[in-house]
Amino acid sequence: MGVKGKLIASVEVKCGGHLVHDIFHTKTHHISNICPSKIQSFEIHESETVKVGSVVNWKYNDDGKDKISKQVIEAVDPQTKTITWKVIGGDLLELYNSFTIITSCDHQWTTWTFLYEKKTEDIPEPLVLLGFVLHVTKDIESHLLK
């Protein structure tokens with residue numbers, strides 16, 4: 001049994017949270033064009049948009065290292081503009097027994113929540129990844145404000 005953790009961070013988005021949610025929900029494939037130095041590719045298997053049950057693959061560069069993440073979409077709530085992504089493969093599962101990412105967008109804020117269980121106590125908290133997703137969010141905001 002590993003050590004469970006929860007990290008939450010919010011970032012202000014001047015373009016409006018609903019627009020950021022739209023990128024993550026229906027235009028996710030554009031993220032690699034919006035911030036190519038961070039996200040190399042995004043693929044949805046057997047679907048055009050992110051929906052419950054969709055399996056997605058990300059190739060990204062985190063802290064100067066190329067990484068992959070395979071996720072299944074557990075929940076999408078258009079009312080609260082929330083998407084729940086459960087990691088089912090890739091680099092994160094080398095350090096964590098489980099890892100779930102929740103994106104939530106409201107009027108001027110995007111909030112990221114990480115729920116995870118570390119394999120051992122000496123595994124670091126995923127603070128670098130949290131900073132990474134906040135930077136991706138700001139890149140999306142900059143793109144939407146153009």
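Strands, like helices, are DSSP runs numbered from the N terminus, a strand having at least two residues. On that basis, Asp-62 belongs to strand E3, which covers residues 55-62. The model described here is a predicted one. Its chain holds 4 helices and 7 strands, and the 146 residues have a radius of gyration of 14 Å, in agreement with the value near 15 Å for a compact globule of that length.

**Overall architecture**

- Read from the N terminus, the order of elements in the chain is β-α-α-β-β-β-β-α-β-β-α.
- Along the principal axes, the C-alpha atoms of the chain occupy a box of roughly 45 × 35 × 30 Å.
- Where contacts link residues at least 6 apart in sequence, 48% of them are between residues at least 24 apart.

**Surface and charge**

- The exposed area of the chain is about 7,800 Å², and 53% of this area comes from carbon and sulfur atoms.
- Buried residues make up 45% of the 146 in the chain.
- The chain carries 16 positive and 19 negative charges, and the mean positions of the two sets lie 2 Å apart.

**The nonpolar core**

- The largest nonpolar core has 36 residues, of which Phe-24, Ile-31, Trp-58, Trp-85, Phe-99 and Phe-114 touch the most other members.
- Helix H4, spanning residues 127-145, provides the largest share of this core, with 6 residues.
- Beyond its neighbours within four places in sequence, Trp-58 contacts a set of residues that includes Phe-24, Ile-31 and Trp-85.
- Also among the contacts of Trp-58 are Thr-28, Ile-39, Ser-41, Phe-42, Lys-67, Ile-68, Ser-69 and Gln-71.

**Asp-62 in strand E3**

- Asp-62 has a relative accessible area of 6% and therefore counts as buried, the limit being under 20%.
- Setting aside neighbours within four places in sequence, Asp-62 is in contact with Lys-67, Val-128, Leu-129 and Phe-132.

**His-25 in helix H1**

- His-25 is part of helix H1, which runs over residues 17-26.
- The relative accessible area of His-25 is 18%, so this residue is classed as buried.
- Residues up to four places away in sequence not being counted, His-25 touches Thr-49, Val-50, Val-76 and Ile-83.
- His-25 and Gly-131 are 106 residues apart along the chain, and 21 Å separates their C-alpha atoms.

**Trp-109 in strand E7**

- Trp-109 is located in strand E7, which comprises residues 109-118.
- With a relative accessible area of 41%, Trp-109 is partly exposed, because that class lies between the buried limit of under 20% and the exposed limit of over 50%.
- The contacts of Trp-109, apart from neighbours within four places in sequence, are Ser-10, Val-11, Glu-12, Val-13, Gly-17 and Ser-104.
- From C-alpha to C-alpha, Trp-109 is 25 Å from Gln-40, and the two residues are 69 apart in sequence.

**Lys-81 between strands E4 and E5**

- The loop that contains Lys-81 joins strand E4 (65-77) and strand E5 (82-90).
- Lys-81 has a phi near 55°, which is a positive value in a residue other than glycine.
- Lys-81 counts as partly exposed, its relative accessibility being 25%.

Terms used: Residues numbered from 1 in each chain as written. Predicted model: local features only at pLDDT ≥ 70, side-chain atom pairs only at ≥ 80, totals over all residues. Heavy atoms only, no water. Rg over C-alpha atoms; globule rule 2.2 N^0.38 Å. Buried < 20%, exposed > 50% of the residue type's maximum accessible area, 1.4 Å probe, protein only. Contact = heavy atoms within 4.5 Å. Areas by Shrake-Rupley, 256 points an atom, 1.4 Å probe, with all protein chains shown as cover. Lys, Arg positive; Asp, Glu negative; His and termini not counted. Charge placed at Lys NZ, Arg CZ, Asp CG, Glu CD. Core = buried A, V, L, I, M, F, W, Y, C linked by side-chain atoms within 4.5 Å.
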